[in-house]
Structure formats: C-alpha cells, structure tokens
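Reader: I would like a close look at a single part of this model, taken slowly and with the reasoning spelled out.

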Amino acid sequence: MGRITLDQVQKKFGDVEVIPPLDLTIEDGEFVVFVGPSGCGKSTLLRLIAGLEDVSGGEIRIDGKPATDLPPAKRGLAMVFQSYALYPHMTVRKNITFPLKMAGMSEEEKKRRVDHAAEVLNLTDYLDRRPGQLSGGQRQRVAIGRAIVREPAAFLFDEPLSNLDAALRVGMRLEISELHERLATTMIYVTHDQVEAMTMADKIVVLRKGHIEQVGSPLELYRTPRNLFVAGFIGSPTMNLIDGDEAGNHEAQTIGIRPEHISVGDGPWQGTVGVSEHLGSDTFFHVHDTGLAETITVRAPGEVEHRAGDTIRLAPQMDKLHRFGSDGLRIA
Amino acid sequence: MATQHSRAAARIMIAPSVVLLLAWMLIPLGMTLYFSFLRYNLLMPGNNPFVGFENYAYFVTDPAFQAAIVNTLLLVGGILLITVVGGIGLAVLLDQPMWGTGIVRIMVISPFFVMPTVSALVWKNMFMNPVNGLFAYIADVLGMQPFDFLTQAPLASIIGIVSWQWLPFATLILLTAMQSLDSEQLEAAEMDGASAWSRFYHIKLPHLSRAITVVILIQTIFLLSIFAEILVTTNGGPGTASTNLTYLVYAESLLRFDVGTGSAGGVIAIILANIVAIFLMRMIGKNLDA
C-alpha cells in the first residue's frame, strides 16, 4: 500500500517561499512524475515527502496515517538519489543489505531478499564488487536494489537517469517502467526531462515555481494543456505559440499549434524555410517570413527535402488548435 | 623521438637538485655512521681510534636506553591515540552547522601555530606549576592538594602538552576529509534507517579511514623525535622518567660530549623509526590504496 496525500504542504527557506501551500494525492500503485524546469521545487517536494526536509506547514499522510513528523526511515519509503549515493567502501552485497541490517533482520531473511533483488536486477555476478568497479548503469541498479529490498510503500526517484549517457538512459527508463509493472508499487519520479515524464508516467505533475500547473495523464497534458506554460513545456519540439492578428482571428490572445499538427503542402500559411533538421523518421523545418511574428516549427513525417530559402505552404489542422486567453489559461 | 629528447633533457635539468638533495642527506648520514664506530669524546681529545660496535654496546646496555625506548613508544602511542580520537570528535562537531563557525575553526587550529618551546613553557609555568599554575589554583579553590604534574607524572604531562599541539593538525585533516563526504550518502543512510551512531560508524568513519592513516603516518614521523617540549619542561627527568630516544642521544653527545655514543644512538633511532614505519605500513598502509 502506498497512498500519499499532501494537504496544504508548504516549504520556506527563511523568508523565501519555495513551495506555496499545495494539495496533491498520489494513489496506491501509481507512477507519478514531477516535472518542471530546474528550480521549480520538484526535488524539494520529493525531499519533503521523503522526510529529508521538514515542512513549514501542512500535512503529509501516507496510507491515511499522518507522517509529517515521522523521521525518514519510519515513513516506509525508499529513495534513489541522483548521485546513486552508494557506500563506496562496501561491496554491492553490503550496500544492498545495509537497510536490512539497520532494521535488524535475520541473516536468512537478509540473504533471501538480497539474492532476490540481485536476480531481479541482474546483479548476481557483481555482488562482491565495490561501487567503484561498476559502470553507471550497474550503479544505478545497485541503488534501485538497495531501495527494493526494503519492500517500501513507495519509491522516490530523484533524477536518477541524469548521470547516464543517452543510450543507457533509454534502457534504464524501460527497466524502471518494467520494474513498476512487476512490483506495482507507488513510484514518485522527479525529472526535468519531459520525454521521461511522457514515457513513464501514469500521472504527470507539472510544477513551476512551486505551483502545480497541471496534473494529468501524459495524453491529457498533451491534448489539453491547461495554460501556456504546460503547452510550451510538454511536447517535443515545443508547440508553436502565436500572438497577434492570427490569434485574434480565433478570438484568443495566443493560439498554439503543435509542429506535428501542421502539414507541408497546400494551406493558408506561406513561409521561407530556415533551418531544417533531418532525423530520418521525421524532418523538422523552422519556417519564417510567414506573416506571423514567430518562427513556425513544422514536423513532416519521413524524409522530406526542402532547402533553406525554399518557399513552402503550411496547413495547420484547425481542430488541433489550442486557444489561450490573456490570462494565459486555455479557452475551452 | 621528441619525447625521448625531452626526457633526456628533463633528466639533465633535474640532476643538480637531485645530486644536491642526495648529498644533503647522505653526507650527514655517512658522518654519523662513521662517528658511531669511533671512540670520540670531546672531553678526551686523542686520535679517535676505531672501536667497532663498542659505542653501540655501550648505548644499548645503558639502563636509560630501555627506559628511553619505552618512553618513546608510550609518547608516540599515547599522543596518537589522543589526537586521532579527539580529532575525529572535534571534526564531527565542527562539521555541524553552527553560529560563528569561522572563528571557532580558527581558534581550534591556532595551537598548531605556537612554537613547541613556547607552548611547553606556557603549559609548564602558567598551567602545571604547583605554586602559580592555573591547575594548582583550581585545586586550591576546590580544597585539594595541588598536583605537581611535571614531577609526579612527567611523561603523562608531556603527552598532554604535545597532544594539545597536534590535536589541531589531526582535526584540520579530518575535518576537510569529513567535508568531502557526499551529503547524499548520509541522506541515503538516513532513509535506510541508520541512527546517528550507525551513520557515524558505517559511513563517516570508513570515509575518514584514509585521512586517519595520513594523520597517523605524518604524526608518527614527528612524534618519534619530540625534543623541545622535554628539554624545556622536565629535562628528561626526574631520573629518566621522561627521557625519550631523541633526548637520550642529546644527553650522550651534548651533555656528556660523547660524540661516538651519541652517533650510535642516532643510528639506533633511525633503525627504530624504520621498524615502526614498516609496522605502520603493514597495519594501515592498505588504506592508502585507492
């Protein structure tokens, strides 16, 4: 069980309010991702839940029981740190055993759990090595191993993949998702990478300056961003946000259209190709001189050849248009 | 070719300093060895005949020799124990965030800047003196008999004085090592349910092992040759109660003007230092491997 409720939780460092009072419920078994630009308070929020920081106000409940004043170890949560935080002088086995040893568990139980975790994470061959002798991905797995042996109510991940190279990151992303499938334990995952958020989450919490901008499933956020910030943050490449007359034509302050919802061909907009990015599967064109103030990014599926300076016509899909009012909020 | 050339050039260029340093070390060592085999007493001028190991036999059979060896080991061991344990304790305390950290740290480190003779004299005259010392005054206030430290417990007093001088050094090294500990490791241990003591024992102490080794090795080198503190406080006495090997060599060569026996003592001190070094490296040297 791992239902976590935050009720008016607030954090101040001195006079600086990092997290204004905030409510959030994380259901049992959910994979929740906190995402936002750096300095948005997502790591602080995670540390508040972990108990590594004290709240300045409000209440945290885990499975209905108040946990606000409990020390970190008593909350039944396990955390995987950005730097992995492995103990360098201990072997992998001792690292993974450490929380069990601190809990005073019997030798057989310790061995059973560690062997099981090592098997799940493919670490059996490395149990006698030290962290210094492991690669980044293996260290990451040891850190996860140390978390799962405790059989916690929820896992907390603090940007666990940011120290890995791109290829390994994709692999570990998959492994963590599979782990969640298998354990079905609540997981809270902090990242600044919206791709990680979109691919892994059941529920995404978008944060900015300590405020929750929107909570929802990845596709909800993609389809109906609640405001301009979410619209610009979710999706890659980012949504085209257009002000001015064109927006006025749609009775909005700003209109947004995703690059994948504009097709190259016959359409109302015309412009000059600037930079084009060829990914093979897709081609991105940055089009300017469209009569709009902004450079428009367009995604064309497959390999499409247009040189810089070519004039092309663009057809936005009008039903995929997002409209935002002068307060930045979405107009239904 | 270029690297071979530059290597040869480098060798030629550092050769003068290597030769100078080698001579600097080898000439005194050679002369000490040479004198140790001569009957060479400044009070009995003569032709300084070669006498083999007579000086060594004389030095080793001197009743003061055994006392000096024991005192040397007690001094080194006692001071190491106090400074390492105290240094770890102080490092843990100073690592805590608190008000006035900067000033407190400077004050903790300052004893190291006081020269040994001065600090020993301050301790002798202002603290341990049975008539005018602060400790005597405190004993007086409490209605107790003042304790004459340097007469009744000379070796322990010197251990105390020298520990006071070296504690800052140990603290400084251990504090910097402590500060290099990744705070996420401590947080991870906290999440893992480790108590404050467990975090210290399982995380901080192993992290400090290399720094502790460095402290022990460096201090041993200096502590084997404590001299100034003994000279200005007890003069090695009463009797030989606070005579260490260095002081015994001084007594032989400069108080009895027996250069031969003094040199023999010096050579024995070198051998002893090397034995201690070998034992130390065997015991704790593996901590230095990365």
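Is W123(B) buried or exposed? Please go on from there to the aromatic residues around it.

Author: In this predicted model, W123(B) is buried, because its relative accessible area is 15%, which falls under the 20% cut-off. The residue belongs to helix 5 of chain B, residues 116–127, and F127(B) lies in that helix as well, four residues further along, or about one turn. Of the aromatic pairs over all chains, which number 27, one joins these two residues: the ring centres of W123(B) and F127(B) are 5.0 Å apart and the planes meet at 40°, so the pair is tilted, given that tilted covers angles from 30 to 60 degrees. F127(B), for its part, is partly exposed, with a relative accessibility of 27%.

From F127(B) a tilted pair leads to F135(B), with 5.7 Å from centre to centre and 40° between the planes. F135(B) counts as partly exposed because its relative accessibility is 30%. The ring pairs extend to a cluster that includes W123(B), F127(B) and F135(B) together with F147(B), F149(B) and W164(B).

F135(B) also takes part in a nonpolar surface patch of about 700 Å², made with L134(B), Y137(B), I138(B), V141(B), L142(B) and M144(B). L134(B) is placed in helix 6 of chain B, residues 134–141, and is partly exposed, with a relative accessible area of 40%.

As for the wider setting, an unreviewed UniProt entry annotates residues 69–280 of chain B as "domain: ABC transmembrane type-1"; over this stretch the chain is 76% helix and 0% strand, and the end C-alpha atoms are 17 Å apart.

Terms used: Residues numbered from 1 in each chain as written. Chains lettered and ligands numbered in written order. Predicted model: local features only at pLDDT ≥ 70, side-chain atom pairs only at ≥ 80, totals over all residues. Heavy atoms only, no water. Patch = residues over 30% accessible without salt bridge, like charges linked within 9 Å, V, L, I, M, F, W, Y side chains within 5 Å. Areas by Shrake-Rupley, 256 points an atom, 1.4 Å probe, with all protein chains shown as cover. Salt bridge = Lys/Arg side-chain N within 4 Å of Asp/Glu carboxyl O. Helix = DSSP H or I, 4+ residues; strand = E, 2+ residues; numbered from the N terminus. Buried < 20%, exposed > 50% of the residue type's maximum accessible area, 1.4 Å probe, protein only. UniProt positions renumbered as here; feature names shortened; annotations may be inferred. Phe/Tyr/Trp six-rings, centres within 6.5 Å; stacked < 30°, edge-to-face > 60°.
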